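Here are some notes for your reading of this model, set out as numbered points. They deal with charged side-chain pairs and then with one helix.

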Amino acid sequence: MLSRVKNKHLKYFLLSSISAIFMTLAWQPFKALPFIFIGLIPLFYLEAEIRRNHPQSSRLLFFAYAFLSLFLFNCNTVYWIWNASPEGAIAAFFINTLMMNLPLFIYHIIQTREDNSNKMWAFI
């Protein structure tokens, strides 16, 4: 289905959104834990696509789309913080998303610098 999408940024947006949806399904009230791992697959595919199609601006693009995915996931799972403090919720959404994006961004940097294609170990 995604191979038919002509606009690359729309494809990246859909991959980010699909990733966020799957990761959200792993949390309350659904509690389907395997979905958290299934949700990482679109992110890894997104990283490979961006690295392959945009070598000059891959860091910024991947950071932005991974941030979008993790931000949507964060908002869907910790929305209840809004009831305590709207300002605290907004800060928590952004700070948590930045912290969650850090390992993915480091993984992307390692993927772009190394020559070997078997670098999934970098995410662990």
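In which helix do glutamate 47 and arginine 51 lie, and how many residues apart are they?

1. Both residues belong to helix H3, where they are four residues apart, or about one turn of the helix. Please keep in mind throughout that the model is predicted. The side chains of glutamate 47 and arginine 51 form a salt bridge, with an N to O distance of 2.9 Å. An α-helix has 3.6 residues a turn, so residues three or four places apart point the same way.

2. The two partners of this pair fall into separate accessibility classes. Glutamate 47 has 0% relative accessibility and therefore counts as buried, whereas arginine 51, with a relative accessible area of 26%, is partly exposed.

3. A further pair in helix H3 joins glutamate 49 to arginine 52 through a salt bridge whose closest N and O atoms are 2.6 Å apart. These residues are three residues apart, which means that about one helical turn separates glutamate 49 from arginine 52. Glutamate 49 counts as buried because its relative accessibility is 9%, under the 20% limit, while arginine 52 is exposed, with a relative accessible area of 54%.

4. Glutamate 49 also forms a salt bridge with lysine 11, and here the closest N and O atoms are 3.5 Å apart. This pair links distant parts of the chain, since lysine 11 sits in helix H1 (residues 8-25) and glutamate 49 in helix H3 (residues 40-53), 38 residues apart. Lysine 11 and glutamate 49 are both buried.

5. Taken together, Lys11, Glu49 and Arg52 are linked in a network of salt bridges. The count for the model comes to three salt bridges.

6. Turning to helix H6 (residues 86-113), its 28 residues reach 40 Å from the first C-alpha to the last, which is close to the 40 Å expected at 1.5 Å a residue. That agreement in span should be read alongside a kink of about 35 degrees at leucine 102 in H6, which lies shortly before proline 103.

7. Which helices do the buried residues of H6 pack against? They pack against H3, helix H4 (58-77) and helix H5 (81-84). The buried residues of H6 include Ala89, Ala92, Phe93 and Thr97, as well as Asn101, Leu104, Tyr107 and His108; Ile109 and Gln111 are also among them. Helix H3 thus appears in both parts of this note, as the helix that holds glutamate 47 and arginine 51 and as one of those packed against by the buried residues of H6.

Technical notes: Residues numbered from 1 in each chain as written. Predicted model: local features only at pLDDT ≥ 70, side-chain atom pairs only at ≥ 80, totals over all residues. Heavy atoms only, no water. Salt bridge = Lys/Arg side-chain N within 4 Å of Asp/Glu carboxyl O. Helix = DSSP H or I, 4+ residues; strand = E, 2+ residues; numbered from the N terminus. Buried < 20%, exposed > 50% of the residue type's maximum accessible area, 1.4 Å probe, protein only. Expected span 1.5 Å × (residues − 1). Bend = angle between axes of the 7 residues up to and from the residue. Contact = heavy atoms within 4.5 Å.
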